[in-house]
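Student: I would like to learn how the words used for a protein model are justified. Could we go through one together, setting each value against its cut-off?

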Amino acid sequence: MAIKAILVINKSGGLVYHRNFSNEESLSSNDYLIIASTLHGAFAIASQLTPRAVQLGEASNAVDYTIPYIPYVGFPRSNANQNEKSRFSSNNVSITTSLGSFKGDDYFKEPFQSWNKSGIRQLCTDQFTMFIYQTMTGLKFIAISTQIPANVNNSDYPIISIQVADNLLRKIYCVYSDYVMKDPFYSMEMPIKSELFDQRVRQMVSNIA
């Protein structure tokens, strides 16, 4: 499994959703709460350390925050061992799930801007890699991925890149807007208990492996 866990943190630093996908011993709910608050604090510190010119794109070596669109991330594929070009061909994609209120065969089909211009986007360690997608309202979607062992060929190990992670997390954000925000019984900033949202997230993550 490439992805070990998915977390959603609200703008105040509270953990509103987490799902563990690893077969290893999972952390307790209290551990995930500590991780969420610690990450929120580290994100805020990183935002203060980022030069203002870089945030506004005025530096001479300004960062391009455009994320390229990668087709059908999180969708089932008929042949996972095909080459990179044919993997993302629409002829090799089996759309077996409804996209809710989204029309078409994917949630979006164009490059998009990252709103995370001053905080942490990727955190790499010897044990895992963490990807963070922040929305315009401050909501954070986090994917924790397994790291590549030193004795394993990169092409043979299921590791997701930051661009794939951004595409996946943005699609999870689309699912969040469709199944959580449209739930009349959901209260803002509170834990997400939508079974449909959880089902879609688990389905999308299972297709990444």
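Student: Which residues lie nearest the centre of the second largest pocket, and how many residues line that pocket?

Tutor: This is a predicted model, and in it 13 residues line the second largest pocket, with K4, N20, L27, Y32 and I144 lying nearest its centre. The elements that each give two or more residues to this lining are strand 1 (3–9), helix 1 (29–49) and strand 6 (128–134). The space in the pocket comes to about 250 Å³.

Student: What makes up the lining of the second largest pocket in terms of nonpolar, polar and charged residues?

Tutor: The lining divides into seven nonpolar, three polar and three charged residues.

Student: Why is L27 called partly exposed?

Tutor: The relative accessibility of L27 is 41%, and the term partly exposed covers values between the buried limit of 20% and the exposed limit of 50%, so L27 counts as partly exposed. L27 is placed in the loop between strand 2 and helix 1, and, leaving aside its neighbours within four places in sequence, it is in contact with Y32 and I35.

Student: How do you know that T135 is buried?

Tutor: Buried means under 20% relative accessible area, and T135 has a relative accessible area of 1%, so T135 is buried. T135 is found in the loop between strand 6 and strand 7 (140–146).

Student: What makes the pairing of the side chains of T135 and T137 a polar contact?

Tutor: A polar contact needs a pair of N or O atoms within 3.5 Å, one able to donate a hydrogen and the other to accept it. The side chains of T135 and T137 make such a contact at 3.1 Å. Not counting residues up to four places away in sequence, T135 also touches W115, F141 and Y173.

Student: Why is S114 called buried?

Tutor: S114 has a relative accessible area of 3%, and buried means under 20%, so the word buried applies to S114. The place of S114 is in the loop between strand 4 (112–113) and strand 5 (122–124). Apart from neighbours within four places in sequence, S114 is in contact with Y65, I67 and R121.

Student: Is E110 buried or partly exposed, and what makes it so?

Tutor: E110 has 39% relative accessibility, so it counts as partly exposed, a term for values between 20% and 50%. E110 is placed in the loop between helix 3 and strand 4, and, not counting residues up to four places away in sequence, it touches Y69 and R170. E110 and Y69 are 41 residues apart along the chain, while their C-alpha atoms are separated by 5.5 Å.

Student: What is notable about phi of Y72, and why is Y72 called buried?

Tutor: Phi of Y72 is near 60°, a positive value in a residue other than glycine. Y72 is found in the loop between strand 3 (66–67) and helix 3. With buried defined as under 20%, the 6% relative accessibility of Y72 makes it count as buried.

Student: Which term fits E189, buried or partly exposed, and why?

Tutor: At 30% relative accessibility, E189 counts as partly exposed, because that term holds between 20% and 50%. The place of E189 is in the loop between helix 4 (162–179) and helix 5 (195–206), and phi of E189 is near 70°, again a positive value in a residue other than glycine.

Student: How do you know that V205 is buried?

Tutor: V205 has a relative accessible area of 0%, and the limit for buried is under 20%, so V205 is buried. V205 is placed in helix 5, and from C-alpha to C-alpha it is 9.6 Å from I172, with their positions 33 residues apart in sequence numbering.

Student: How many helices and strands are there, and how much of the chain is buried?

Tutor: The protein chain has five helices and seven strands, and buried residues make up 42% of its 209 residues.

Student: Which elements have the lowest and the highest mean pLDDT?

Tutor: Helix 3 (residues 84–87) has the lowest mean pLDDT, 39, and strand 2 (residues 15–20) has the highest, 93. Over residues 79–96 the pLDDT is below 50, and beyond near neighbours in sequence this stretch has 21 contacts in the model. The protein chain averages a pLDDT of 77, and 74% of the residues score at least 70.

Key: Residues are numbered from 1 along each chain as its sequence is written. This is a predicted model: local features need pLDDT of at least 70, side-chain atom pairs count only at pLDDT 80 or more; totals for chains, interfaces and linings use all residues. Side-chain values use heavy atoms; hydrogens and water are left out. On a 1 Å grid over the protein atoms alone, a cavity is a set of points where a 1.4 Å probe fits but cannot get out, and a pocket is an open set with protein on both sides within 12 Å along at least five of seven lines; lining residues have an atom within 4 Å of a point. Grid points are joined across faces, edges and corners, and a volume is the space filled by probe spheres set on the points. Helices (H or I, at least four residues) and strands (E, at least two) are DSSP runs, numbered from the N terminus. Ala, Val, Leu, Ile, Met, Phe, Trp, Tyr, Cys and Pro count as nonpolar, Asp, Glu, Lys and Arg as charged, and the others, Gly among them, as polar. Buried means under 20% relative accessible area, exposed over 50%, partly exposed in between (1.4 Å probe, protein chains only). Contact means heavy atoms within 4.5 Å. pLDDT is the predictor's confidence in each residue, from 0 to 100.
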